[in-house]
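Welcome to this short tour! Open the structure in your viewer, get your selection tool ready, and follow along stop by stop.

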Amino acid sequence: MNEWLEFVGTGIIVFIILYVLARILSKKLISQMTLFDFIAGITLGSMTATTFLADNVTLSRGALGLLTFAALVLVIDYLTLKSLTIRKLVNSQPTLLMDNGKILIKNMKKVRFNVDELIAELRKAGVFQFSDVQTAILETDGSVSVLRKSEATPVTSRDMKLETAPAKYSHVVMVQGKILRHQLNASGYSEAWLQDQLQAHGISNVKEVLVAQVNPDGTIFVETVE
């Protein structure tokens with residue numbers, strides 16, 4: 001019984017340590033993952049599993065190893081902020097895949113990027129013709145940045161010299177039956193107004209609401225729980 005309690009306790013402690021380290025290392029590990037970030041994430045996971053499951057690794061040694069590795073990651077991240085040379089060494093450099101509508105085969109071979117992958121990335125950027133591409137760059141995090149040719153770029157209000165109102169964003173004011181009062185206040189509307197809008201949508205109980213969003217024009221989007 002004591003052995004099982006020790007096993008569960010170790011798991012909880014290791015989980016807390018890993019969670020705290022992941023928070024310290026910031027969201028970049030999942031949002032803008034470079035090769036270094038990918039390796040760091042895998043290594044932290046592997047070290048955590050070893051600490052939790054290996055009989056010959058004590059909790060204190062495992063925790064010390066995790067803290068040491070996390071400290072090294074933070075130091076390298078700091079150095080990459082200060083030094084362009086180290087940044088190039090750790091994160092490599094962006095690679096030009098297309099220039100003036102022409103696919104650069106040699107560059108694609110260097111980074112082992114095939115045409116099918118290029119086509120998929122162009123579609124994600126809303127580009128469906130190679131001839132519309134001025135430049136396509138493979139970034140260090142694996143994403144592809146695409147610059148359209150000027151003649152293939154959608155016309156904007158600036159191009160037409162039109163005066164436009166400042167852009168505003170919508171506010172999610174309810175989630176799963178709970179009113180998000182901070183978001184509701186930011187939208188400029190009151191809780192009484194929200195209740196009136198829900199009633200207008202045939203909703204008498206807030207628990208029926210899955211999500212509600214107030215749009216800049218004063219309209220409201222409501223989705224109910226099925």
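Start by selecting Val-175 and Val-211: in this predicted model, Val-211 in β7 is the bridge partner of Val-175.

Now widen the selection to the two strands. Strand β5 covers residues 171-175 and strand β7 covers residues 209-214. They run antiparallel and are joined by four bridges.

Keep β5 on screen and add strand β6, residues 178-179. What stands opposite Val-175 in β6? Click on Lys-178 to see the answer. So far you have met Val-175 with a partner in β7 and with a residue opposite it in β6. Two bridges join β5 to β6, and these strands also run antiparallel.

Next, look at the link between β5 and β6. The two strands form a hairpin, with two residues between them. Select Gln-176 in the turn: its phi is positive, about 50°.

Time to move to the helices. Select helix α4, residues 59-82, and helix α5, residues 84-91. How are two packed helices described? By the angle between their axes and the distance between the axes. Here the angle is about 125° and the axes lie 6 Å apart. The two helices are therefore oblique to each other, and α4 passes α5 in a left-handed crossing.

For the last stop, show the side chains where the helices meet. From α4, pick Ile-76, Leu-79, Thr-80, Leu-81 and Lys-82. They meet Leu-84, Ile-86, Arg-87 and Val-90 in α5. Try colouring this contact by class: six residues are nonpolar, one is polar and two are charged.

Note on methods. Residues numbered from 1 in each chain as written. Predicted model: local features only at pLDDT ≥ 70, side-chain atom pairs only at ≥ 80, totals over all residues. Heavy atoms only, no water. Pairing = 2+ DSSP bridges. Axes fitted to C-alpha atoms, helices over the stretch in contact; angles between N-to-C directions. Parallel < 35°, antiparallel > 145°, perpendicular 65-115°, else oblique. Left-handed = near helix turned anticlockwise from the far one by under 90°. Contact = heavy atoms within 4.5 Å. Nonpolar A, V, L, I, M, F, W, Y, C, P; charged D, E, K, R; others polar.
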